[in-house]
Amino acid sequence: GFAVGPIMQRGEKEVKPHACPQCQQRNAFKVNYTATIFRNYQTITLQESPGQVPAGRLPRTVECVLLDDLIDTTKPGEEVEVTGVYKNNFDPLLNHQHGFPVFATNLEANYVERKTSSQQSHKLTDEDKEKILALSKLPDIGARLIRSIAPSIHGHDTIKLGLLLSLLSGQEKEVGEPGQHKIRGDINVLLLGDPGCAKSQFL
């Protein structure tokens, strides 16, 4: 009759408690589904913005839990600002690997604010728009944009072109009836190379 939880579910296999927190017995458990409370939740991984990460260091990540109406409020690749409570949660998988109690930290979100490119475009002044239109008419605008990517790194124009296309992204498309199925226009880039080839500086 001892209440256990909350127990976060990961993957397709159901995660159940391995031992009773009160008596530490490891016998088979019978879940009382009548008294069990099930909640919809979504787990996302927050990563530091690449523009705010110092050169030579990989972006840090933290797991964030979305509940109730916050589920599906953001998509992969979007820049968001999350307000929440930093909590620790007992993870049976880590406990089994290390042999002693391990608590996994995560962020339980209370509010998610999306910072999409469409919102940022409204902040452009008339002067900025005139400069952008003037640059678009230059014949060598492509080469200028490529040189603007990581200007401290010489060469590697092909890599800079791929990163530039990823930043500009493609055109979002709709398949079938309006709102039925959307294809993201984001372009993914994979950089492979030996250590010390400035991969982190590019990103």
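**Fold, cores and surface of the predicted chain**

From the N terminus on, the elements of the protein chain follow the order β-β-β-α-β-α-α-α-α-β-β-α. The model is predicted. Its secondary structure comes to 6 helices and 6 strands. The protein chain has 203 residues, and 16% of them are buried. Among contacts with a separation of 6 or more, 45% join residues 24 or more positions apart. The accessible surface of the protein chain is about 16,400 Å². Carbon and sulfur atoms hold 53% of that surface.

In soluble globular proteins, nonpolar side chains tend to be buried together. In this model, the largest nonpolar core has 9 residues. They are Ile44, Leu46, Cys64, Leu66, Leu70, Val82, Leu107, Ala109 and Val112. At least two residues of this core come from each of strand 1 (41–47), strand 2 (61–67) and strand 4 (103–114). Strand 4 gives the largest share, with 3 residues. A second core is separate from this one and has 8 residues. Ile146, Ile153, Leu164 and Phe202 are among them.

Leu70 belongs to the largest nonpolar core. Leaving aside residues up to four places away in sequence, Leu70 touches Ala109, Asn110, Tyr111 and Val112. Of these partners, Ala109 and Val112 are also listed in the largest core.

Strand 1 shows an alternating pattern of side chains. Gln42, Ile44 and Leu46 point to one face and are buried. Tyr41, Thr43, Thr45 and Gln47 point to the other face and are not buried. Such alternation between the two faces of the sheet is what a regular strand shows. Two residues of the buried face, Ile44 and Leu46, are members of the largest nonpolar core. Strand 1 pairs with strand 2 in the antiparallel sense, over 7 bridges. Within this strand pair, Thr43 stands opposite Val65 of strand 2.

Nonpolar side chains also appear at the surface. Leu161, Leu165, Ile187 and Val189 make a nonpolar surface patch of about 290 Å². Val189 lies in the loop between strand 6 (181–183) and helix 6 (199–202). The relative accessible area of Val189 is 37%, so this residue is partly exposed. Buried requires under 20% and exposed requires over 50%, so a value in between counts as partly exposed. Patch residues need over 30% relative accessible area, and Val189 has 37%.

Methods
Residues numbered from 1 in each chain as written. Predicted model: local features only at pLDDT ≥ 70, side-chain atom pairs only at ≥ 80, totals over all residues. Heavy atoms only, no water. Helix = DSSP H or I, 4+ residues; strand = E, 2+ residues; numbered from the N terminus. Buried < 20%, exposed > 50% of the residue type's maximum accessible area, 1.4 Å probe, protein only. Contact = heavy atoms within 4.5 Å. Areas by Shrake-Rupley, 256 points an atom, 1.4 Å probe, with all protein chains shown as cover. Core = buried A, V, L, I, M, F, W, Y, C linked by side-chain atoms within 4.5 Å. Pairing = 2+ DSSP bridges. Patch = residues over 30% accessible without salt bridge, like charges linked within 9 Å, V, L, I, M, F, W, Y side chains within 5 Å. Salt bridge = Lys/Arg side-chain N within 4 Å of Asp/Glu carboxyl O.
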